[in-house]
Amino acid sequence: MSTTTDLGTPALRSGTELVPRHDAGDPPQTGKSFTSDQEVRWCPGCGDYAVLKAVQSFLPDLGLRRENIVFVSGIGCSSRFPYYLDTYGMHSIHGRAPSIATGIATAREDLSVWVVTGDGDALSIGGNHLIHALRRNVNMTILLFNNRIYGLTKGQYSPTSEVGKVTKSTPVGSLDHPFNPVSLALGAEASFVARTIDSDRKHLTAVLAAAAAHRGTSFVEIYQNCPIFNDGAFDAIKDNETKEHAIIPLVHGEPITFGSRDAATGRGDKALVRAAGGVEVVDTASVTDDQLLVHDAHHPDPSTAFAISRLTDAGYLNRSPIGIFRQVERPTYDDQARAQVADAQAAVEGTDHDRLTRLLNAGDTWAVG
């Protein structure tokens with residue numbers, strides 16, 4: 001595998017020398033190098049601040065020039081992100097950021113392309129655009145901020161809000177069954193799917209590094225608190241007294257256990273094992289070591305990863321798998337599109353069509369005035 005999940009410098013997404021590197025002779029890059037002069041305008045306590053700081057601090061690790069990084073966003077609180085980064089960026093159309101990013105990534109192999117979106121922007125009006133970007137496997141990283149509410153429009157229920165959610169638009173409780181963004185991405189056969197938390201800086205940064213290094217579409221769901229319209233939605237996985245029982249940590253190559261940790265083995269008192277139709281939670285002491293489910297993010301079949309994602313509690317998130325669910329390699333849309341263009345150009349070399357093309361691209365051929 002060419003990707004990495006550690007905190008080291010990630011490899012170039014493109015796998016080529018086409019992306020200009022930050023030259024060693026240039027001034028060293030820091031988080032400030034990627035911080036714009038715009039005033040950050042989110043509500044006090046918003047989880048977006050933590051994600052922004054983590055991204056700004058992480059971008060120097062890419063080793064890329066700022067002009068070769070582009071962030072595309074849609075509409076929503078999270079979509080202000082490009083304003084606060086000193087890179088190229090585009091605050092685009094509601095739900096359409098993945099489509100616009102597809103065009104950028106296909107036309108410009110020399111760019112590192114990122115999409116910042118929210119649960120409403122990506123999964124409601126933008127749902128169709130998201131799933132097609134994932135199935136095409138375009139070279140981009142999609143960060144989906146999930147606060148399980150519409151924040152910018154003042155607290156309506158979103159596609160990830162739990163059944164019974166009381167909001168301004170559902171005063172007697174939502175009737176909609178929520179999307180599980182990770183399950184959706186795995187169902188679309190995305191080649192890289194992960195989930196992390198805004199307040200866990202170390203884990204968030206590690207996931208960003210792996211996502212940036214992955215060749216293809218990287219989809220990262222980030223649980224992000226909205227203190228104004230949905231405060232406390234992630235208390236179970238953030239509170240020190242409950243999080244070890246609520247978080248199911250996924251680490252490639254390791255047995256999946258959680259809950260109270262045994263000091264000697266480091267394993268939790270709960271574990272995942274295979275079961276008819278998927279996986280189930282059991283007491284670790286009730287099974288043998290060879291029965292424990294070992295996480296395999298690199299398996300070509302996403303079925304087990306999907307089954308793990310279904311363990312997510314859609315109510316108060318008293319239980320949620322966190323980590324990299326899937327990380328596999330397959331051909332990318334933009335690489336193949338560029339290859340088709342190159343083949344077509346090679347087929348007409350030396351023909352009148354090729355000579356005309358060279359003439360049209362030769363620069364000024366006359367002066368006016």
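Hi everyone, let me start in a small spot: by class, the second largest cavity is lined by four nonpolar, three polar and one charged residues. Nonpolar here is Ala, Val, Leu, Ile, Met, Phe, Trp, Tyr, Cys and Pro, charged is Asp, Glu, Lys and Arg, and the others, Gly among them, are polar.

Two words on the background. This is a predicted model, where local features need pLDDT of at least 70 and side-chain atom pairs pLDDT 80 or more, while totals for chains, interfaces and linings use all residues. Residues are numbered from 1 along each chain as its sequence is written, and side-chain values use heavy atoms, with hydrogens and water left out.

Back to the cavity. The structure holds two cavities of 30 Å³ or more, and the second largest has a volume of about 30 Å³. (On a 1 Å grid over the protein atoms alone, a 1.4 Å probe fits in a cavity but cannot get out; a pocket is an open set with protein on both sides within 12 Å along at least five of seven lines; lining residues have an atom within 4 Å of a point.) Volume is the space filled by probe spheres on the grid points, joined across faces, edges and corners.

Which residues line the second largest cavity? They are Gly95, Ala97, Pro98, Thr117, Asp121, Ala122, Gly126 and Leu130. The elements giving two or more residues to this lining are α2 and α3. (Helices, H or I of at least four residues, are DSSP runs numbered from the N terminus.)

Helix α3, residues 119–125, also turns up in the second largest pocket, where three residues from α3 make the largest share of the lining. That pocket has about 440 Å³ of space. Its lining counts 28 residues, with Gly76, Cys77, Tyr150, Gly151 and Leu152 nearest the centre. By class, we find 13 nonpolar, nine polar and six charged residues there.

Now to α2, residues 97–107, and its partners. With α4, residues 127–136, the angle is about 35° and the axes are 7 Å apart. (Axes are fitted to C-alpha atoms over the stretch in contact, with angles from 0 to 180 degrees between N-to-C directions.) Pro98, Ser99 and Thr102 in α2 meet His129, Leu130 and Ala133 in α4 (heavy atoms within 4.5 Å). Those contact residues split into three nonpolar, three polar and no charged.

Thr102 appears again on the way to α10: together with Ala105 and Thr106 in α2, it meets Tyr333, Asp334, Ala337 and Arg338. By class, this contact has three nonpolar, two polar and two charged residues. Helix α10 covers residues 333–347, and α2 packs on it at about 50° with axes 9 Å apart. That makes α2 oblique to α10.

Last stop: α1, residues 48–58, against α6, residues 201–213, at about 50°, axes 10 Å apart. Val51, Lys53, Ala54, Val55, Ser57 and Phe58 in α1 meet Arg201, Leu204, Thr205, Leu208, Ala209 and Ala212 in α6. Eight of the contact residues are nonpolar, two polar and two charged.

Thanks, and happy to take questions!

Definitions and conventions
Parallel < 35°, antiparallel > 145°, perpendicular 65-115°, else oblique.
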